[in-house]
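This briefing is intended for a reader at the bench who has the sequence and the coordinates to hand. Please consult the structure below alongside the points that follow.

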Amino acid sequence: MSPTAVASPPPAPIQGAKLALLTLAVASATFMEVLDTTIVNVSVSHISGDLAVSATQGTWAISSYGLAAAIAVPLTGWLAKRFGEVRMFTLSVLLFTIMSVLCGFAHNLETLVFFRFMQGLVSGPMVPLSQTLLLANYPPQKKGLALALWAMTVIVAPIFGPMLGGWLTDNYSWPWIFYINVPVGLLAGAVAWSILKGRETPTQKLPIDYIGLALLFLGVGSLQLMLDNGNDMDWFSSGFILTLAVIAAVALSFLVVWELTDDHPIVDLSLFKSRNFTIGVLALSLGVFCFFGSTVLFPLWLQTVMGYNATWSGLAVAPVGILAFFISPIIGKNIQRLDLRLVSSFAFMIFAATMFWFASFTLETAFDQIIIPRLLQGIGVACFFVPVNQIVLSGLPVPRLAAASGLANFFRTIAGSFATAIAVFTWDHRATFHHVRLTEHITGFDPATIDYVSRLQQLGLPTNAAYAQIDKVIAQQAFQIATTEVFWGLGLIFLLLMAIVWLAKPPFGSVGGAGGH
């Protein structure tokens, strides 16, 4: 390994209007990238119709992006060392913008899936590097604020993605969910480069770890494909899903062994020697798993059980970002004065309380009652993501921040994928179980059934339609019971998570310090 740039003292922090402009540019780019993880979700039916494919095939426009991003994110540290953080961030933003245009131009599914894959691949380093660039250029006393602004962007963006995607698709056409990235990407990339081009990080001519790279592609790719398609294929009853699971397990096991013994690993797993990094990543992953599990289930419940349309379910989900938007900067500004373990535990307590609150909902719960706990959940968002990210990076030296951010964001992404898969699977199967139990006594000889059917017949419904109506009511009740159970389960996990962050070791104020704990 031969350095191409001699290590020198880091440049002085940026101040004033230039810092504000840099923050806006980096935050806009990050928001754009994270937004694209969910903005396509509500447009699948339109995309499938225009491209003459089934809705199931259309979901590959979602899966291909998540697959590529999951592979690329953990490569951030290696790419930043090889090409420089500023150069990689700017290039990532530019290529992401170009791929967005090409996605909008796609006239068949194969082309769209390919460019969505490429869009996810080139966007991988963008989110982790946005975090490290903000931390590197903010004054020491304001690094907590930088972390808060970054965390707020990453969390709020996927919540607003479906709302914006639905509005653009309904009022214009689905390609516009990609075209809106163009002005944001060009402007953000140009501003970031103009401010940071003289502040590039040292680079090294690192050899390429081809075996590690191949194992990463194979292992993470198989895992992401399995999570994306498991529910549609009934999980391990499908030979395809079972094969993916075996490939992922074997490839990732070999990847861990190889990366820990290679002189120039493509993924720096030695970061887990830092106690705070390990505990922080564990708390981040489990917290994201529960939070995004509830975020996935919430609109599903609203649309499937409560009869909400996409717009109203989006409006019910969105309030979580309101308090998070205002409280995150306050937490960040005072992060040096706080015991982050205490703040994180408080966040888990808020999350648990809101999960139990959701579990108390019934079919008669009104919209204004639904949004109150979702609004209060924003307090938990601010008190969780900002402190936990600070714990993850505390004590790590500056040259390792990009690798640490990339690895932590990889686990955050995978945790979100697991949350989606497991929450939907559990919800569906518990609903099926309760449907069976509730229909055990629905027979033509049951007095209550006979009475109910006769009442429906008096209203003009034929016998078959009456039984169909009964089945609809039972299905609704079964899904409601399943929803209650899943929210209770998530609430209990959040209570258990309160203990994990206390395994981290103070101090937490040093990000980019001399070493780790």
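The points below cover confidence, an internal cavity, two helices and selected residues.

The model is predicted: local features need pLDDT of at least 70, side-chain atom pairs count only at pLDDT 80 or more, and totals for chains, interfaces and linings use all residues. Residues are numbered from 1 along each chain as its sequence is written, and side-chain values use heavy atoms, with hydrogens and water left out.

**Confidence**

- The protein has a mean pLDDT (the predictor's confidence in each residue, from 0 to 100) of 83, and 93% of its residues reach 70 or more.
- Confidence is highest in helix 17 (residues 340–359), at a mean of 93, and lowest in strand 1 (residues 2–3), at 43. Helices (H or I, at least four residues) and strands (E, at least two) are DSSP runs, numbered from the N terminus.
- Residues 1–7 stay under 50 in pLDDT, and the model has 14 contacts for them beyond four places in sequence; contact means heavy atoms within 4.5 Å.
- The pLDDT is also below 50 over residues 513–517, a stretch with 18 contacts in the model beyond near neighbours in sequence.

**The cavity**

- Rolling a probe the size of a water molecule over the atoms shows where empty space is left.
- On a 1 Å grid over the protein atoms alone, a cavity is a set of points where a 1.4 Å probe fits but cannot get out, and lining residues have an atom within 4 Å of a point. Grid points are joined across faces, edges and corners, and a volume is the space filled by probe spheres set on the points.
- The structure holds 1 cavity of 30 Å³ or more, and the largest cavity has a volume of about 60 Å³.
- Its lining consists of Trp150, Ala151, Val154, Ile155, Leu284, Phe385, Asn389, Ala408, Asn409 and Arg412.
- Helix 9 (143–171), helix 18 (367–393) and helix 19 (401–438) each supply at least two lining residues, and helix 9 gives the most, with 4 residues.
- By class, the lining has 7 nonpolar residues (Ala, Val, Leu, Ile, Met, Phe, Trp, Tyr, Cys and Pro), 2 polar (those in neither other class, Gly among them) and 1 charged (Asp, Glu, Lys and Arg).

**Helices 18 and 4**

- In helix 18, 19 of the 27 residues are buried; buried means under 20% relative accessible area, exposed over 50%, and partly exposed in between (1.4 Å probe, protein chains only).
- The end C-alpha atoms of helix 18 are 40 Å apart, in agreement with the 39 Å expected for 27 residues at 1.5 Å a residue. The expected span is 1.5 Å times one less than the number of residues.
- Just after helix 18, glycine 395 has a positive phi of about 80 degrees.
- Helix 4 (residues 60–72) should span 18 Å, and its end C-alpha atoms are 18 Å apart, which agrees.
- Helix 4 is mostly covered, with 11 of its 13 residues buried; among them are Tyr65, Leu67 and Ile71.

**Selected residues**

- Leucine 149 is placed in helix 9 and, leaving aside neighbours within four places in sequence, is in contact with Thr23 and Tyr138.
- Aspartate 234 lies in the loop between helix 12 (210–229) and helix 13 (239–261), and its phi is near 60 degrees, a positive value in a residue other than glycine. Aspartate 234 counts as partly exposed because its relative accessibility is 43%.
- Tryptophan 235 lies in the loop between helix 12 and helix 13, with a positive phi near 50 degrees. Tryptophan 235 has 11% relative accessibility and therefore counts as buried.

Technical notes. On a 1 Å grid over the protein atoms alone, a cavity is a set of points where a 1.4 Å probe fits but cannot get out, and a pocket is an open set with protein on both sides within 12 Å along at least five of seven lines; lining residues have an atom within 4 Å of a point.
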